[in-house]
Amino acid sequence: MTNSVEGRRMTPKAGKRERLAVAAAQVFHEQGVEKTTIADIARVAEVPVGNVYYYFKTKDQLVEAALGAHAQTLQELIAALEQYDAPQERLRALVRGWVDQRDLAVQFGCPTGTLASELGKRDDGLERASETSIRTLLDWIEQQFTAMGRADADELAVALFAAYQGISLLANTFRDPELMVTEGRRLERWIDSLAP
């Protein structure tokens, strides 16, 4: 189960705008917004640099497109998770998906978390833009805990998401994917302990 924009494949049928949005999300994750050039994004998207300006006039528009790509990937992830019968199975599958992305997290950190952290240092409106994806995932997690009969579903959702963000940071800092494996097992046991 893929839960990162980097896991999405840019198909030859994908339009240039979509390829540029997915490439922007990938390159921003790998290099950071400030270090990324439009040429970097064009190269990954396999689009001539001059064509980028037809779709996006500024790098900030590419940031917005990257956030849109993150949101699309999140919607695809949620749709895949909804195929599981029980809410605790959905949450465990979410955790397994995070753990499956451990090599990416070790190398670059969490795609959504690192972008949110970087944009949070700005004061131009984009600092609030990443909030949507995070809020969508938190709300979905809360719905799963609510379906499990938990009155404290909102607190549990924050705790689960915070545990993932924290372990992504530690795995990235120490370059140790096993940290995510161990935490993933602990989170699955925790989820099971909360089930009725």
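# Exercises on a predicted helical model

With four residues, helix 10 contributes the most to the lining of the second largest cavity. The model is predicted, and the exercises below start from that cavity.

## Exercise 1: The second largest cavity

Work out which elements line the second largest cavity and what classes of residue they bring.

*Solution.*

Step 1. Begin with the count, which comes to two cavities of 30 Å³ or more. The second largest holds about 40 Å³ of space.

Step 2. List the lining: Val 95, Trp 98, Val 99, Tyr 164, Ile 167, Met 180, Glu 183, Gly 184 and Leu 187.

Step 3. Assign elements. Helix 5, helix 9 and helix 10 (178-194) are the ones that give two or more residues to this lining.

Step 4. Sort by class. The lining has seven nonpolar residues, one polar and one charged. Since Gly counts as polar and Glu as charged, Gly 184 and Glu 183 can be picked out of the list.

## Exercise 2: Aromatic pairs

Classify the ring pairs Tyr 54 with Tyr 55 and Trp 98 with Tyr 164 as stacked or edge-to-face.

*Solution.*

Step 1. The total to keep in mind is three aromatic pairs.

Step 2. For Tyr 54 and Tyr 55, the ring centres are 4.9 Å apart and the planes stand at 85 degrees, so this pair is edge-to-face. The cut-off used here is over 60 degrees.

Step 3. Check their surroundings. Tyr 54 is exposed at 64% relative accessibility, while Tyr 55 is partly exposed at 27%.

Step 4. For Trp 98 and Tyr 164, the distance is 4.1 Å centre to centre with 10 degrees between the planes, and the pair is stacked. Trp 98 belongs to helix 5 (residues 87-100) and Tyr 164 to helix 9 (residues 153-174), so the pair ties together parts 66 residues apart in sequence.

Step 5. Both Trp 98 and Tyr 164 are buried. Both also appear in the lining of the second largest cavity.

## Exercise 3: The largest nonpolar core

Find which residues have the most contacts inside the largest nonpolar core, and which helix gives the most to this core.

*Solution.*

Step 1. The core has 33 residues, and those with the most contacts inside it are Trp 98, Ile 141, Phe 145 and Leu 160. Trp 98 is thus a link back to the stacked pair with Tyr 164.

Step 2. At least two core residues come from each of helix 4, helix 5, helix 6 (102-108), helix 8, helix 9 and helix 10.

Step 3. Helix 9 gives the most, with nine residues.

Step 4. Now a contrast from helix 9, where Leu 169 is found. Leu 169 is exposed, with a relative accessible area of 54%. A residue of this kind cannot belong to a nonpolar core, because the core takes buried residues.

## Exercise 4: Salt bridges

Describe how Asp 60 and Arg 122 are joined, and compare the accessibility class of each partner with that of Glu 82 and Arg 90.

*Solution.*

Step 1. The structure holds 10 salt bridges. Asp 60 and Arg 122 form one of them, with the closest N and O atoms 2.7 Å apart.

Step 2. Locate the partners. Asp 60 sits in helix 4 (residues 59-81) and Arg 122 in the loop between helix 7 (111-119) and helix 8 (131-147), so that the pair links distant parts of the chain, 62 residues apart.

Step 3. Extend the picture: Asp 60, Arg 122 and Asp 124 are linked in a network of salt bridges.

Step 4. Read the accessibilities. Asp 60 is partly exposed at 32%, whereas Arg 122 is buried at 18%, the cut-off being under 20%.

Step 5. Turn to Glu 82 and Arg 90, whose closest N and O atoms are 3.8 Å apart. Glu 82 is partly exposed at 35% and Arg 90 is buried at 13%.

## Exercise 5: Backbone angles in loops

Identify where Glu 46 and Arg 175 lie and state their phi.

*Solution.*

Step 1. Recall the background: most residues other than glycine have a negative phi.

Step 2. Glu 46 has a positive phi of about 55 degrees, although it is not a glycine. Glu 46 is in the loop between helix 2 (38-45) and helix 3 (49-55), and it is exposed at 68% relative accessibility.

Step 3. Arg 175 likewise has a positive phi of about 55 degrees, and its place is the loop between helix 9 and helix 10.

Terms used. Residues are numbered from 1 along each chain as its sequence is written. This is a predicted model: local features need pLDDT of at least 70, side-chain atom pairs count only at pLDDT 80 or more; totals for chains, interfaces and linings use all residues. Side-chain values use heavy atoms; hydrogens and water are left out. A salt bridge is a side-chain nitrogen of Lys or Arg within 4 Å of a carboxyl oxygen of Asp or Glu. Buried means under 20% relative accessible area, exposed over 50%, partly exposed in between (1.4 Å probe, protein chains only). Rings of Phe, Tyr and Trp (its six-membered ring) pair if their centres lie within 6.5 Å; planes under 30 degrees apart count as stacked, over 60 as edge-to-face and the rest as tilted. On a 1 Å grid over the protein atoms alone, a cavity is a set of points where a 1.4 Å probe fits but cannot get out, and a pocket is an open set with protein on both sides within 12 Å along at least five of seven lines; lining residues have an atom within 4 Å of a point. Grid points are joined across faces, edges and corners, and a volume is the space filled by probe spheres set on the points. A nonpolar core is a set of buried Ala, Val, Leu, Ile, Met, Phe, Trp, Tyr and Cys residues joined through side-chain atoms within 4.5 Å.
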